[in-house]
Amino acid sequence: MPPRYALAGGPLALGGEVVAGFGRGSRQLGVPTANIPPASLAAAGRLLPFGVYFGWAQVELPADAPAADRGVHKMVMNVGRRPTVNAGGEESSVELHLLHPFAADFYGRPLRALVLGHLRPEVRFAGLPQLLARIRTDVGIARVQLDDPTWAAHRADPRFRKL
Ligand code: ADP
Ligand code: MG
């Protein structure tokens with residue numbers, strides 16, 4: 001039996017340079033999201049429905065960055081139009097929250113990710129508090145799921161750099 005949340009079609013590798021997002025408060029909500037160009041997803045060769053995903057990610061940082069920051073971290077990824085905060089008509093975005101307290105921002109750095117699970121479709125919440133509550137739940141599920149041996153094994157994927 002495939003594990004819960006397994007992404008249809010199997011793990012999806014993607015990579016892109018961390019770009020400036022909409023600057024609309026992900027960080028203020030306590031969940032900074034590293035945005036990568038939506039084209040990175042198209043380049044990965046598979047279309048993901050708008051929604052929330054989890055997996056592993058690594059930021060390529062200079063050798064003098066803290067070793068902990070250069071590792072492979074749990075992540076939650078949102079793909080979509082962010083209908084709770086956007087009026088509509090905006091381009092879709094791809095953004096990843098890494099479950100790690102980084103010492104510094106990493107705009108402009110290459111980010112690699114392996115998407116393993118699909119948590120839920122994108123939905124419009126009644127307001128920011130409801131969205132934030134759901135994000136916390138998403139992060140909690142991802143944190144637990146990624147410790148499952150099925151998902152944990154992918155942390156050692158050869159696509160990630162060994163330190
Ligand atoms: P933006 O709208 O520019 O994406 P955010 O408020 O979403 O701004 O913050 C994202 C930035 O925060 C990332 O590009 C990255 O440089 C930095 N950052 C720091 N810690 C994290 C983290 N744990 N996960 C994702 N990004 C982080
Ligand atoms: Mg962001």
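**Ligand 1 and the largest cavity**

Q: What makes the pair between Thr 33 and ligand 1 a polar contact?
A: A backbone N or O atom of Thr 33 lies 3.0 Å from an oxygen atom of ligand 1. A polar contact is a pair of N or O atoms within 3.5 Å, so this pair qualifies. A backbone N or O atom of Gly 21 lies 2.8 Å from an oxygen atom of the ligand, and one of Pro 32 lies 3.4 Å from a nitrogen atom of the ligand.

This is a predicted model, in which local features need pLDDT of at least 70 and side-chain atom pairs pLDDT 80 or more, while totals for chains, interfaces and linings use all residues. Residues are numbered from 1 along each chain as written, chains are lettered from A and ligands numbered from 1 in written order, and side-chain values use heavy atoms, without hydrogens and water.

Q: Which residues are closest to ligand 1?
A: Gly 23, Asn 35, Leu 98, Phe 106 and Tyr 107 are the closest of the 19 residues that surround ligand 1 (near: a heavy atom within 4 Å). Strand 5 gives the most to this shell, with three residues (strands: DSSP E runs of at least two residues; helices: H or I runs of at least four).

Q: Which residues lie nearest the centre of the largest cavity?
A: Asn 78, Arg 82, Glu 95, Leu 131 and Ile 135 lie nearest the centre, among 25 lining residues (an atom within 4 Å of a point, on a 1 Å grid where a 1.4 Å probe fits but cannot get out). Helix 2 gives the most to this lining, with five residues.

Terms used. Polar contact = N/O pair within 3.5 Å; in protein donor to acceptor, adjacent residues only side chain to side chain. 1 Å grid on protein atoms, 1.4 Å probe; cavity = no way out; pocket = protein on both sides within 12 Å on 5 of 7 lines; lining within 4 Å.
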